[in-house]
Amino acid sequence: MKKVAGPPSEKARSEFLGLVDHWSKRLRVKPKGIHIRPMSRKWASCSTAGRLTFANSLVRKAPAFREYVVVHELLHLRLPNHGKLFTSLLSVYVPRWQALSRNAMRKPADSSRPSTSPPSTALAEH
Ligand SMILES: [Zn+2]
């Protein structure tokens, strides 16, 4: 049942664009253009001209994660870097952003993880 490859459906795309529109208004920014296309390494990017590009695969991610990436990119239209102001604004709009961005880095939970924690280490973690 799961679709893996290929571009997202029209419905998924328009839903996603609706999310971008919603947050553009909320953050009072105006992207010059919004594109959804295959991207191999990133979820999204923001050009200096104010054009945003989102990965096809992002459209299929969990809503909370999509929202984090959208807010992150839209905030770049106001602040180009990841400075203190950027992260504090992000915290206002997406309080869980740190957990969400950590999850993004992680491989899917069902993939086999090397079990490198002997009991002694586990105890020491506290
Ligand atoms: Zn960024």
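This is a short talk about one sheet and one pair of helices in a predicted model.

I will start with the sheet. Three strands make it up, and the sheet is open. Going across, the order is β1, then β3, then β2, and the pairing is mixed. Which strands stand at the edges? They are β1, residues 33–37, and β2, residues 44–46. Each of them has a single partner strand, so one side of each has no neighbour in the sheet. From one strand to the next, the twist averages 15°.

Now look at one pairing in that sheet. β1 runs parallel to β3, which covers residues 51–55, and the two are joined over 5 bridges. If you want a bridge to find on the screen, take R37: its partner in β3 is A55.

Next, the helices. α3 spans residues 63–76 and α4 spans residues 84–93. Their axes come within 10 Å and cross at roughly 140°. What do we call that arrangement? An angle over 145 degrees would count as roughly antiparallel, and 65 to 115 as roughly perpendicular. The crossing of α3 and α4 falls in neither range, so α3 is oblique to α4. The crossing is right-handed.

Which residues of α3 meet α4? On the α3 side they are V71, H72 and L75. On the α4 side they are F86, L89, L90 and Y93. Sorted by class, this contact has 6 nonpolar residues and 1 polar residue, with no charged residues.

To go over it once more: the sheet has the order β1-β3-β2, and α3 passes α4 in a right-handed crossing.

Note on methods. Residues are numbered from 1 along each chain as its sequence is written. This is a predicted model: local features need pLDDT of at least 70, side-chain atom pairs count only at pLDDT 80 or more; totals for chains, interfaces and linings use all residues. Two strands pair if DSSP finds at least two bridges between them. Helices (H or I, at least four residues) and strands (E, at least two) are DSSP runs, numbered from the N terminus. Axes are lines fitted to C-alpha atoms, for helices over the stretch in contact, and angles run from 0 to 180 degrees between N-to-C directions. Angles under 35 degrees count as roughly parallel, over 145 as roughly antiparallel, 65 to 115 as roughly perpendicular and the rest as oblique. A crossing is left-handed if the near helix is turned anticlockwise from the far one by less than a right angle, and right-handed if clockwise. Two residues are in contact if their C-beta atoms, placed from the backbone, lie within 7 Å. Ala, Val, Leu, Ile, Met, Phe, Trp, Tyr, Cys and Pro count as nonpolar, Asp, Glu, Lys and Arg as charged, and the others, Gly among them, as polar.
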